[in-house]
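Here is a structure to question. The exchange below asks why each label applies and tests it against its cut-off.

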Amino acid sequence: MDRGASRECLASLLSEEAEQLRGFEALLEQEHQALRAKDMARIDSTARLRQDRLGTLARIESQRRSLCTMHGHSGDKVGLEALMGWCDPEGSLLAVVRTCAERATRCRDLNDRNGTLVAALLKHVERRLSGLRGESNISVIYGPQGSVAGSQVKRVLGAA
């Protein structure tokens, strides 16, 4: 593949990646709203769309790595930079690469935020289930002598 064709292929992949990341960012925002509203139908819907979007992003990354290795470069950031140095010496694709990197970072942060919310919701559900089962929600606390608090014999010190 010649320099011009390689640049066009890379430009197409980067453009598609930028569009997919833009959609993924919006989807993560929708997922957050659904989680906050505890809207199970929307949560399920966004989960399916999320998997589709991640699959598409993985395919794009695989194609980009293949393009790099086809030209004798590694499939990582260093290889991408080497490929771009060869097929895009004027650096016209750098802005798209930066945009993709920034958007991917935002997506990671949004995903982490949603994961934290999911963990909190699951913990809340677990506590409620424990209560329904009659299990204690009290954490084990150790006393000054290392014994479990609550395991000592209790005495009545007085009555009102």
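**Labels and their reasons**

Helix H1 (3-37), helix H2 (40-70), helix H3 (77-87) and helix H4 (94-133) each give at least two residues to the lining of the largest pocket. The model is predicted.

Q: What makes the pattern of the protein α-α-α-α?
A: The secondary structure holds four helices and zero strands. Read along the sequence, that gives α-α-α-α.

Q: Which helix supplies the largest share of the lining of the largest pocket?
A: H4 does, with eight residues. The lining has 28 residues, and Glu17, Arg64, Leu80, Val97 and Ala101 lie nearest the centre of the pocket. The volume is about 610 Å³.

Q: What makes a residue count as part of that lining?
A: A lining residue has an atom within 4 Å of a point of the pocket. The lining residues divide into 15 nonpolar, three polar and ten charged.

Q: Why is arginine 7 called buried?
A: Its relative accessible area is 19%. Buried means under 20%. Arginine 7 therefore counts as buried. Of the 160 residues of the protein, 25% count as buried.

Q: Why is glutamate 90 called exposed?
A: Exposed means over 50%. Glutamate 90 has a relative accessible area of 58%, so the label holds.

Q: How do you know that glutamate 90 and arginine 7 form a salt bridge?
A: The closest N and O atoms are 3.9 Å apart. The cut-off is within 4 Å, so the pair qualifies. The two residues sit in distant parts of the chain, 83 residues apart: glutamate 90 in the loop between H3 and H4, arginine 7 in helix H1.

Q: Why can such side chains pair at all?
A: Side chains of opposite charge can pair when their charged atoms come close.

Q: What makes arginine 42 and aspartate 39 a salt bridge?
A: Their closest N and O atoms are 4.0 Å apart. The definition asks for a side-chain nitrogen within 4 Å of a carboxyl oxygen, so the pair counts. A search of the whole structure finds 13 salt bridges.

Q: Why are arginine 42 and aspartate 39 called partly exposed?
A: Arginine 42 is at 34% and aspartate 39 at 27%. Partly exposed lies between the 20% and 50% limits, so both take that label.

Q: How do you know that aspartate 109 and arginine 108 form a salt bridge?
A: Their N to O distance is 3.2 Å. The limit is 4 Å, so the pair qualifies. Aspartate 109 is partly exposed at 39%. Arginine 108 is partly exposed at 49%, because exposed needs over 50%.

Q: What joins Arg7, Glu8, Asp88 and Glu90 into one network?
A: Salt bridges that share partners do.

Q: Why is leucine 129 called partly exposed?
A: Its relative accessibility is 37%. That falls between the 20% and 50% limits, so the label fits. Leucine 129 lies in helix H4.

Q: What makes leucine 129 eligible for a nonpolar patch by area?
A: Patch residues need over 30% relative accessible area. Leucine 129 has 37%, so it passes that test. Val125, Leu129 and Leu132 form the patch, with about 300 Å² of accessible area together.

Q: Why is lysine 38 called exposed?
A: Its relative accessible area is 53%. The cut-off is over 50%, so lysine 38 counts as exposed. Lysine 38 is found in the loop between H1 and H2. Although not a glycine, lysine 38 has a positive phi of about 55°.

Notes: Residues numbered from 1 in each chain as written. Predicted model: local features only at pLDDT ≥ 70, side-chain atom pairs only at ≥ 80, totals over all residues. Heavy atoms only, no water. 1 Å grid on protein atoms, 1.4 Å probe; cavity = no way out; pocket = protein on both sides within 12 Å on 5 of 7 lines; lining within 4 Å. Points joined across faces, edges and corners; volume = space filled by probe spheres on them. Nonpolar A, V, L, I, M, F, W, Y, C, P; charged D, E, K, R; others polar. Patch = residues over 30% accessible without salt bridge, like charges linked within 9 Å, V, L, I, M, F, W, Y side chains within 5 Å. Areas by Shrake-Rupley, 256 points an atom, 1.4 Å probe, with all protein chains shown as cover. Buried < 20%, exposed > 50% of the residue type's maximum accessible area, 1.4 Å probe, protein only.
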